[in-house]
Amino acid sequence: MQAPQPHYFVYILGDQSRSLRIGIVGDLQQHIKQVNQGDAVDAAVTEKQPKLIYYEHYEREEIAINREQEIKNGGDDFTLRLVESMNPNWLDLSDTLV
């Protein structure tokens, strides 16, 4: 029996004031639960409740880490364009996680 494939998610959390938090995590569903409960570092990013506005899935950690750095180094305009290319209305995408 093979071990399950690892999962790595690069994510962006944001709020109505457009405060952004970019990160990487193995279990995005669990992380979002922690954020919503105020238990995660991301919850401290903003006074308003952050929501999942963008994410990408990877099976290799090094690729996810490189992508996270690419997004972080791209600057605010790059990040905003990236979010709006997939989620122009800044909807909460946490319901799309399986």
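Leaving aside neighbours within four places in sequence, with which residues is Ala64 in contact? The legends below take up this point and others in a predicted model.

**Figure 1. Contacts of Ala64 in helix H2.** With neighbours within four places in sequence set aside, Ala64 is in contact with Tyr8, Val10, Ile24 and Tyr58. Ala64 is one of the buried residues of H2. Tyr8, Val10, Tyr58 and Ala64 are also among the members of the largest nonpolar core.

**Figure 2. Overall arrangement of the chain.** Three helices and three strands make up the secondary structure, and their order along the sequence is β-β-α-β-α-α. The chain has 98 residues, of which 38% count as buried. Among contacts with a separation of 6 or more, 64% are between residues 24 or more positions apart. The accessible surface comes to about 6300 Å², and carbon and sulfur atoms account for 47% of that area.

**Figure 3. The largest nonpolar core, with twelve residues.** Its members are Tyr8, Val10, Ile12, Ile22, Ile53, Tyr54, Tyr58, Ala64, Ile71, Leu82, Val83 and Trp90. At least two residues of this core come from each of strand S1 (8-14), strand S3 (51-58), helix H2 (61-73) and helix H3 (75-86). Another core, of ten residues, lies apart from it and includes Phe9, Val25, Leu93 and Leu97. In soluble globular proteins, nonpolar side chains tend to be buried together.

**Figure 4. Helix H2 and its buried face.** H2 has 13 residues, which at 1.5 Å a residue should span 18 Å; the C-alpha atoms at its ends are 18 Å apart, in agreement with that expectation. Ala64, Arg67, Glu68 and Ile71 are the buried residues of H2. Viewed down the helix axis, these residues fall within an arc of 100 degrees and therefore line one face of H2. Their packing partners are S1, strand S2 (20-25), S3 and H3. Asn66 and Asn73 are exposed, on the face of H2 turned away from the buried side. Just after H2, Gly75 takes a positive phi of about 90 degrees.

**Figure 5. Helix H3 and its two sides.** The twelve residues of H3 reach 17 Å from the first C-alpha to the last, close to the 16 Å expected at 1.5 Å a residue. The buried residues of this helix are Thr79, Leu82 and Val83. These three cover an arc of only 95 degrees around the axis, which puts them on the same side of H3. They pack against S1, S2, S3 and H2. Asp77, Arg81 and Ser85 are exposed on the other side of H3. Leu82 and Val83 also belong to the largest nonpolar core.

**Figure 6. Trp90 in the segment after H3.** Trp90 has a relative accessibility of 6%; it counts as buried because this value is under 20%. Its phi is near 55 degrees, a positive value in a residue other than glycine. Trp90 is one of the residues of the largest nonpolar core.

**Figure 7. A salt-bridge network of Glu56, Arg67 and Glu70.** Glu56 forms a salt bridge with Arg67, and the closest N and O atoms of the pair are 2.9 Å apart. Glu56 is in strand S3 and Arg67 in helix H2, so this salt bridge ties together parts that are eleven residues apart in sequence. Both partners are buried: Glu56 has a relative accessible area of 12%, and Arg67 has a relative accessibility of 15%. Arg67 also meets Glu70 in a salt bridge, at 3.1 Å from N to O. Arg67 and Glu70 are three residues apart in helix H2, which means that about one helical turn separates them. Glu70 is partly exposed, with a relative accessible area of 45%. Side chains of opposite charge can pair when their charged atoms come close.

**Figure 8. The salt bridge between Arg60 and Glu62.** The closest N and O atoms of this pair are 2.5 Å apart. Glu62 is partly exposed, with a relative accessible area of 39%, and Arg60 counts as partly exposed at 49% relative accessibility. The salt bridges in the model come to four in total.

Methods. Residues numbered from 1 in each chain as written. Predicted model: local features only at pLDDT ≥ 70, side-chain atom pairs only at ≥ 80, totals over all residues. Heavy atoms only, no water. Helix = DSSP H or I, 4+ residues; strand = E, 2+ residues; numbered from the N terminus. Buried < 20%, exposed > 50% of the residue type's maximum accessible area, 1.4 Å probe, protein only. Contact = heavy atoms within 4.5 Å. Areas by Shrake-Rupley, 256 points an atom, 1.4 Å probe, with all protein chains shown as cover. Core = buried A, V, L, I, M, F, W, Y, C linked by side-chain atoms within 4.5 Å. Expected span 1.5 Å × (residues − 1). Arc of directions from axis to C-beta. Salt bridge = Lys/Arg side-chain N within 4 Å of Asp/Glu carboxyl O.
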